[in-house]
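Colleague: I am new to this structure and would like a close look at a single part. Please take me through the aromatic ring pairs.

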Amino acid sequence: DRNAPDVPQERQEHYNRVVDLAESFASRLRCLSLTGVNKDTEALARIFRGGSMSSLRSMHISYFGAELEFPNDDILINVCNLVDASFDLWGYGLPMAFRFTKRIRFHAPNLRSLTIQWSYMSGRETTMDDLRWVASAIRDAPLIEDLNIDIGFWHFRADWRDLFNGQVAHLKHLKSLS
């Protein structure tokens with residue numbers, strides 16, 4: 001029907017309104033769930049650019065970008081009081097690797113529960129460097145009690161020791177690992 005509204009445009013306008021709202025309340029948010037983020041790292045930057053989100057306790061990010069879209073500047077997800085975080089990543093994942101000049105960095109020292117599910121990695125494009133942020137997030141959150149990681153090493157000739165680059169993660173409070 002020619003008179004039917006353009007659904008993708010309406011969806012993008014709705015998404016932009018939600019991001020605007022999240023950005024304006026970022027310092028007061030206690031729970032943030034960004035699902036269906038599709039290649040738009042600049043929207044993430046707008047929400048997290050305001051500095052510390054000290055009220056945030058729970059965060060879930062689903063990123064379905066088919067290819068890496070680099071942020072215009074570094075994005076620091078500085079969530080010092082976050083206790084529960086989950087990342088549901090597809091394809092290339094988020095541009096968090098140390099090899100990128102502009103990247104997303106994650107800082108959550110009081111994290112208690114971390115879930116990372118990463119599906120459909122590209123065997124040619126995704127490298128171990130793309131995954132090292134996972135090890136950094138675990139090492140930098142010594143209070144983790146529940147750790148759930150589902151990432152496929154099937155196309156790497158590497159293991160968990162390689163991922164952690166020989167460094168130890170002291171998880172004295174760990175109660176559940178899957």
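Modeller: What follows describes the ring pairs and then turns briefly to the cysteines.

This is a predicted model, in which local features need pLDDT of at least 70, side-chain atom pairs count only at pLDDT 80 or more, and totals for chains, interfaces and linings use all residues. Residues are numbered from 1 along each chain as its sequence is written, and side-chain values use heavy atoms, with hydrogens and water left out.

Rings of Phe, Tyr and Trp (its six-membered ring) pair if their centres lie within 6.5 Å; planes under 30 degrees apart are stacked, over 60 edge-to-face, and the rest tilted. The count by this rule is two aromatic pairs. F87 and F106 have ring centres 5.3 Å apart and planes at 85°, so this pair is edge-to-face. Because F87 lies in strand β4 (residues 84–90) and F106 in strand β5 (residues 104–107), the pair ties together parts 19 residues apart in sequence. Helices (H or I, at least four residues) and strands (E, at least two) are DSSP runs, numbered from the N terminus. F87 and F106 are both buried, meaning under 20% relative accessible area, with exposed over 50% and partly exposed in between (1.4 Å probe, protein chains only).

F87 also forms an edge-to-face pair with W133, at 5.2 Å centre to centre and 70° between the planes. This pair links strand β4 to helix α3 (residues 128–139), with F87 and W133 46 residues apart. W133 is buried, as is F87. Ring pairs thus join F87, F106 and W133 into a cluster.

As for the cysteines, C31 counts as exposed at 53% relative accessibility, and C80 as partly exposed at 24%. The structure has zero disulfides, a disulfide being a pair of cysteine sulfur atoms within 2.5 Å.
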